[in-house]
Amino acid sequence: MKYQDTLNAIYARLDRLGDLPVFSATVNRIRQVSSSRQSDAMALAMAVMKDANLSAKLLKIANTPTYNRSGGQISAVSRAVVLIGFERIQNLCVTLKLIESFRSEQPDSGVEQLLIRAFLNASLAREMAAASGALDIEETYICGLLYGLGEIIVAFTLPDAYRDMLAARERGRDRWSRIQLQQLGGHFSDIGQDLAQSWGFPKTVVQAMDPLTADQLRGSGRLNHCLAVGCHDLLERVYSRDTSNELEYSTLMNELAESTGQPLEGLDQHISEAFRQVCDLADEYGLPHRIISPQLTDSDDAELDEMTRKLAYYVHSREARHRDPVVEVEVAEPLPSEQTRLMEQQLHHLQAMNTLIAAPGSAAEILQAAVSAVEASSALERVVFCQLGPNGQELKARFVAGKDTGSVKQFFQLHRQMPDVLLFFRILEKRMTLLVPDSEEPGWRERLPEHFLETVDPKGFIMAPLVVNDRALGLIYADRGTLVEDQDFKVFNQFMVQARLGLEMLQSRR
């Protein structure tokens, strides 16, 4: 097919739909108001409220932990506008309408997966741009969201041709880019740019959608392209879609780290946060979690396999919480008081640690306080700080909190030369956090040390290195007899950060 024939077929299909909701008068008005310096929150709220469905979805998203950190109910659109911000409101409106526009027409075309991954790409690019100090992170978001627009449009308007393309890629005889040329007369990026330009998106956004035109960009525009394509390629590896890309996961991560000036462990956190956001969006639209979760497969890329497992188990744990309504009813009564108690404990221990750091306390006092805080403020039942010996060959339990900690203290007397203990030293060397929500899930039993599983007997656990001024002091381990929840990990990470900051301040005073 010639490229012009492809475009004609796409526009004819879109014309039959009339004015696409994503580019309706409501969204255009929101874009105008949010970009005007004379506008206030009420003006933008009024523009949003012209679309009742959009208003309801924005309010639900505004009440998720991603945006509402205080926990108080947000019931006014104007309050949501102030909380989320003008430009992000604009981008959320485009995202929500994009999903509404395309997800229901062709249920078997794979459009839902493409839409979710477009949002994931946008969220990940935005997280990395914000951490790197980029000036216009909301434009970064749009660049990430629209980077795969051409493929979404083809899957939506030409579903038969798109299915043929997927089948050709599955056969593995041609590269994905060549299949696009053969079937469409051009690439997805050409189609996406053509449509984005006709729909009035900024020139810098349109140029960032293709490597050739992106060569003309400089500064923030160039960074937006690097993030959009870098995050896209990274997600292609995670989802094992375009296996013709020979770059390893670690290479792609290093390139993103170089582009953003971020440490690798920071990028891991950005990926996790982007997945949390996309799960919130999927819950709002009732989309199945299977379209978010990457497949658990073993490859020759150990770091890719590790991240894939971590993300898959995170999605699985969220799905499990929504899957069984009987369990929901059983915990409905005691849950609020228990949550309140844990939140009160968390606040109490944060204040205590801040006082200790300001005092200043000793390193031992700070570490003991962090271990006790994690155990008291979360559902994690056993917490231990294991100190790394001066020669880097030993790991020994030093501070422990919780009940029935004897087996944990007994196990964590490790020497590097002992059998089946290399995992714990590699966590320190690679500066990586290991989150295992459920050790009984297929795959974990074979990968975790047998002696560890028999002696400690965890259901779910977290292990993370404590690194202060680029020096590994040891690792903090925490577990529970049931699944590790998202809130457990947040509390664990919060006090890890507090401990690190306290120790860094203590060292700076010497």
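**Exercise 1. Find out which residues Asp174 touches, leaving aside residues up to four places away in sequence, and describe where Asp174 sits.**

Step 1. In this predicted model, Asp174 touches Ile179 and Gln182 once residues up to four places away in sequence are left out.

Step 2. Now look for the element. Asp174 belongs to the loop between α10 (159-171) and α11 (176-184).

Step 3. Is Asp174 buried, exposed or partly exposed? Its relative accessible area is 32%, so Asp174 is partly exposed. The buried class ends under 20% and the exposed class begins over 50%.

**Exercise 2. Work out how helices α7 and α8 are arranged, and which residues make the contact.**

Step 1. Start with the two numbers you need. Two packed helices are described by the angle between their axes and the distance between the axes.

Step 2. For helix α7 (residues 111-131) and α8, the angle is about 150 degrees and the axes are 7 Å apart.

Step 3. Angles over 145 degrees count as roughly antiparallel, and α7 and α8 are therefore roughly antiparallel to each other.

Step 4. Check the handedness: α7 passes α8 in a right-handed crossing.

Step 5. Go to the contact itself. From α7 it includes Ala118, Phe119, Ala122 and Arg126, among others. The α8 side is made by Ile137, Glu138, Thr140, Tyr141, Gly144 and Leu145.

Step 6. Sort the residues of this α7 and α8 contact by type, and you get 9 nonpolar, 4 polar and 2 charged.

**Exercise 3. Do the same for α8 and α15.**

Step 1. Helix α8 (residues 137-146) packs with helix α15 (residues 220-238) at an angle of about 40 degrees, and their axes are 9 Å apart.

Step 2. What do we call that arrangement? The angle makes α8 oblique to α15.

Step 3. As for handedness, the crossing of α8 past α15 is right-handed.

Step 4. On the α8 side, the contact uses Glu139, Thr140, Cys143 and Gly144. On the α15 side you'll find Asn224, Leu227 and Ala228.

Step 5. By type, the residues of the contact of α8 with α15 come out as 3 nonpolar, 3 polar and 1 charged.

**Exercise 4. Look at the phi values of Asp457 and Asp470, and place both residues.**

Step 1. Here's the background: most residues other than glycine have a negative phi.

Step 2. Asp457 has a positive phi, near 55 degrees, and is a residue other than glycine. Asp470 isn't a glycine either, yet its phi is positive at about 65 degrees.

Step 3. Find the loops. Asp457 is in the one between α25 (450-456) and β5 (460-468), while Asp470 is in the one between β5 and β6 (471-480).

Step 4. Are they buried or exposed? Asp457 has 55% relative accessibility and so counts as exposed. Asp470, at 65%, counts as exposed too.

**Exercise 5. How many residues of helix α9 are buried, and what about the protein and its cysteines?**

Step 1. Helix α9 (residues 149-157) is mostly covered, with 9 of its 9 residues buried. Among them are Leu149, Glu151, Ile153 and Phe156.

Step 2. Zoom out: of the 510 residues in the protein, 52% are buried. The protein has 26 helices and 6 strands.

Step 3. Turn to cysteines. Cys279 counts as buried because its relative accessibility is 0%, and Cys386 counts as buried at 0% as well.

Step 4. Finally, count the disulfides: the structure holds 0.

Notes. Residues numbered from 1 in each chain as written. Predicted model: local features only at pLDDT ≥ 70, side-chain atom pairs only at ≥ 80, totals over all residues. Heavy atoms only, no water. Axes fitted to C-alpha atoms, helices over the stretch in contact; angles between N-to-C directions. Helix = DSSP H or I, 4+ residues; strand = E, 2+ residues; numbered from the N terminus. Parallel < 35°, antiparallel > 145°, perpendicular 65-115°, else oblique. Left-handed = near helix turned anticlockwise from the far one by under 90°. Contact = heavy atoms within 4.5 Å. Nonpolar A, V, L, I, M, F, W, Y, C, P; charged D, E, K, R; others polar. Disulfide = S-S within 2.5 Å. Buried < 20%, exposed > 50% of the residue type's maximum accessible area, 1.4 Å probe, protein only.
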